[in-house]
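Here is a friendly walk through a protein model, written for someone who likes to check the atoms as they read. Have your viewer open and follow along.

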Amino acid sequence: SMIEDHGIAPDISHYNCMVDLLGRWGHLVEAENFVNKMPVEADAVVWIALLGACRIHGNVELGRRVHERIIKLEPGNTSAYVLLSNIYAAVGRWDKVAQLRKEMKDAGVKKQPGCTWIEVNGKVHRFIVADRSHPQRNEIRAELKRLTKLMKEAGYVPDLSFVLHDMGDEQKEDALCDHSEKLAIGFGLINTPPGTCLFIRKNLRVCGDCHNAT
């Protein structure tokens, strides 16, 4: 219909959007079939979109297959390892998580740490996951704990599947407060007047729990 109605020939970016849409709505089999029938060869970006959908919906088997396709195209693709590791972690397959980490190490693939920036009073502050370097770290953590309590009262439920370590639920919940975007927001809240709009930037995609919390 793009060609007939608008005279626009779809390119790889349009196909990527379709895969992303189908995947996010849970139509994973349809998304995979769509990729396999595309008139152009799917690149790693298209397969990453499908792997991300497998992460959202917890499809381990399809995620494994898609991971293999990505690695054949780009052996050093960090996202392929990280997303599959997330899928395994969400279902408690810590043996598979450890195996993937070993494969990454052996292949020389390094995960880029999540990093978030926020500007307050003309100064840019940078936070990484589990950051303990900021001079206001104790005040930030206290603010995040206060907010978490209020959010729970309003119906927020921490999504522990986004903690990629084998630990107890209480420790996982605490680890979620260590995500860089939450640290940046906590810093912004304690250093600006109530009602101030906070703008943050992150180098990676915001995790599902941080998206729900914010």
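The report below goes from the whole chain to its helical part, then to its strands and the residues around them.

## The chain as a whole

Please keep in mind that this is a predicted model. The protein chain contains eleven helices and three strands. Their order along the sequence is α-α-α-α-α-α-α-β-β-α-α-α-β-α. If you align the C-alpha trace to its principal axes, the span is about 55 × 45 × 35 Å.

Of the 214 residues in the protein chain, 38% are buried. Among contacts with a separation of 6 or more, 63% are between residues 24 or more positions apart. The chain exposes about 12,800 Å², and carbon and sulfur atoms supply 54% of that area.

## The largest nonpolar core

The largest nonpolar core has 34 residues, and the members that touch the most others are Val 35, Trp 47, Leu 50, Val 66 and Ile 70. At least two core residues come from each of helix 2 (12–24), helix 3 (28–36), helix 4 (44–57), helix 5 (60–73), helix 6 and helix 7 (94–107). Helix 4 gives the largest share, with nine residues.

Trp 47 is a good place to center your view. Leaving out residues up to four places away in sequence, Trp 47 touches Val 35, Asn 36, Ala 42, Val 66, Arg 69, Ile 70 and Leu 73. There is also a second, separate core of nine residues, with Ile 118, Val 120, Phe 127 and Leu 144 among them.

## Helix 5 and its neighbours

Helix 5 has 14 residues, and the distance from its first C-alpha to its last is 20 Å, close to the 20 Å expected at 1.5 Å a residue. At the start of helix 5, a side-chain oxygen of Asn 59 comes to within 2.9 Å of the backbone nitrogen of Leu 62.

Which residues of helix 5 are buried? They are Leu 62, Gly 63, Val 66, His 67, Ile 70 and Ile 71. The buried residues of this helix pack against helix 3, helix 4, helix 6 and helix 7.

## Two buried residues in other helices

Tyr 15 is part of helix 2. Tyr 15 counts as buried because its relative accessibility is 13%, and the cut-off for buried is under 20%. Apart from residues up to four places away in sequence, Tyr 15 touches Pro 10, Phe 34, Met 38, Pro 39 and Val 40. For a sense of distance, the C-alpha atoms of Tyr 15 and Lys 105 are 33 Å apart, with their positions 90 residues apart along the chain.

Ser 85 sits in helix 6 (residues 78–90). With 8% relative accessibility, Ser 85 also counts as buried. Beyond its neighbours within four places in sequence, Ser 85 is in contact with Val 97 and Leu 100.

## How the strands pair

Strand 1 (residues 115–120) and strand 2 (residues 123–128) pair antiparallel over six bridges. Across this pairing, Cys 115 stands opposite Ile 128, and Trp 117 stands opposite Arg 126. The hairpin of strand 1 and strand 2 has two residues between the strands, and Asn 121 takes a positive phi near 55° there.

Strand 1 is also joined to strand 3 (residues 200–202), with three bridges and an antiparallel run. Here Ile 118 has Ile 200 as its bridge partner.

## Ser 180 beside the strands

Ser 180 belongs to helix 10 (residues 180–190). Is Ser 180 buried or exposed? Ser 180 counts as buried because its relative accessibility is 2%. Not counting neighbours within four places in sequence, Ser 180 is in contact with Gly 114, Cys 115, Thr 116, Phe 127, Ile 128, Val 129 and Lys 202.

What does the side chain of Ser 180 make with the side chain of Thr 116? The two side chains make a polar contact of 2.7 Å. The C-alpha atoms of Ser 180 and Thr 116 are separated by 5.6 Å, although the two residues are 64 residues apart along the chain. A polar contact of 3.4 Å also joins the side chains of Ser 180 and Glu 181.

Definitions and conventions:
Residues numbered from 1 in each chain as written. Predicted model: local features only at pLDDT ≥ 70, side-chain atom pairs only at ≥ 80, totals over all residues. Heavy atoms only, no water. Helix = DSSP H or I, 4+ residues; strand = E, 2+ residues; numbered from the N terminus. Buried < 20%, exposed > 50% of the residue type's maximum accessible area, 1.4 Å probe, protein only. Contact = heavy atoms within 4.5 Å. Core = buried A, V, L, I, M, F, W, Y, C linked by side-chain atoms within 4.5 Å. Expected span 1.5 Å × (residues − 1). Polar contact = N/O pair within 3.5 Å; in protein donor to acceptor, adjacent residues only side chain to side chain. Areas by Shrake-Rupley, 256 points an atom, 1.4 Å probe, with all protein chains shown as cover. Pairing = 2+ DSSP bridges.
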